[in-house]
Amino acid sequence: MSDTHEMLNLRQVEAFVAAAEEGSMTAAAERLQVSQSAVSLAVSALERSLGTVLFLRHRGRGVTPTAAGRELLLPARNLMADADAMLSQAD
């Protein structure tokens, strides 16, 4: 990862995946049991870190993944699955 990029964290990736799957930052927040602003901030931080916009935001109508968001969704899901597997193995 280049020095110009912030470090990714799993909470950001988890928020991205939830928002993409739910189609809404609010629904993602409910799913993750956090505030809507926490999801929005996590996704925004991930977008800054990656240097790309992941969602088109529609006032009152949720979010739609951009081409970059659609392209990164599968790797993000795989990352979350790998993190879950790692935690399960450690138990």
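Which residue caps the N-terminal end of H1? That job goes to Asn 9, with a side-chain oxygen 2.9 Å from the backbone nitrogen of Arg 11. Keep in mind that this is a predicted model. The notes below stick with helix H1 and what surrounds it, including Ser 24 in the loop that follows H1.

**Helix H1 itself**

- H1 runs over residues 10-22 and has 13 residues.
- From first C-alpha to last, H1 reaches 18 Å, close to the 18 Å expected at 1.5 Å a residue.
- Just after H1 comes Gly 23, which takes a positive phi of about 75°.

**What H1 buries, and against what**

- The buried residues of H1 are Gln 12, Val 13, Phe 16, Val 17 and four alanines, namely Ala 15, Ala 18, Ala 19 and Ala 20.
- Those buried residues pack against three helices, H2 (25-32), H3 (36-50) and H4 (67-90), and against two strands, E1 and E2 (62-65).

**How H1 meets H3**

- The axes of H1 and H3 come within 8 Å of each other and cross at roughly 110°.
- Angles of 65 to 115 degrees count as roughly perpendicular, so that is the label for H1 and H3.
- On the H1 side, the contact is made by Arg 11, Gln 12, Val 13, Ala 15 and Phe 16.
- H3 brings Val 39, Ala 42, Val 43, Ala 45 and Leu 46 to that contact.

**The aromatic pair**

- Search the whole structure and you find one aromatic pair.
- The partners are Phe 16 and Phe 55, with ring centres 5.6 Å apart and planes at 55°. Stacked needs planes under 30 degrees apart and edge-to-face needs over 60, so this pair is tilted.
- The pair links distant parts of the chain, since Phe 16 sits in H1 and Phe 55 in strand E1 (residues 55-58), 39 residues apart.
- Phe 16 counts as buried because its relative accessibility is 2%, and buried means under 20%.
- Phe 55 also comes out at 2% relative accessibility, so Phe 55 counts as buried.

**Ser 24, in the loop**

- Ser 24 is found in the loop between H1 and H2.
- Is Ser 24 buried or exposed? With a relative accessible area of 18%, Ser 24 is buried, as the cut-off is under 20%.
- A polar atom of the Ser 24 side chain lies 3.0 Å from the backbone nitrogen of Ala 27.
- Leave aside its neighbours within four places in sequence, and Ser 24 is in contact with Ala 19, Gly 62 and Val 63.

Technical notes. Residues are numbered from 1 along each chain as its sequence is written. This is a predicted model: local features need pLDDT of at least 70, side-chain atom pairs count only at pLDDT 80 or more; totals for chains, interfaces and linings use all residues. Side-chain values use heavy atoms; hydrogens and water are left out. Buried means under 20% relative accessible area, exposed over 50%, partly exposed in between (1.4 Å probe, protein chains only). A polar contact is a pair of N or O atoms within 3.5 Å; within protein, one must be able to donate a hydrogen and the other to accept it, and residues adjacent in sequence count only if both atoms are side-chain atoms. Contact means heavy atoms within 4.5 Å. Rings of Phe, Tyr and Trp (its six-membered ring) pair if their centres lie within 6.5 Å; planes under 30 degrees apart count as stacked, over 60 as edge-to-face and the rest as tilted. The expected span of a helix is 1.5 Å times one less than its number of residues. Axes are lines fitted to C-alpha atoms, for helices over the stretch in contact, and angles run from 0 to 180 degrees between N-to-C directions. Angles under 35 degrees count as roughly parallel, over 145 as roughly antiparallel, 65 to 115 as roughly perpendicular and the rest as oblique.
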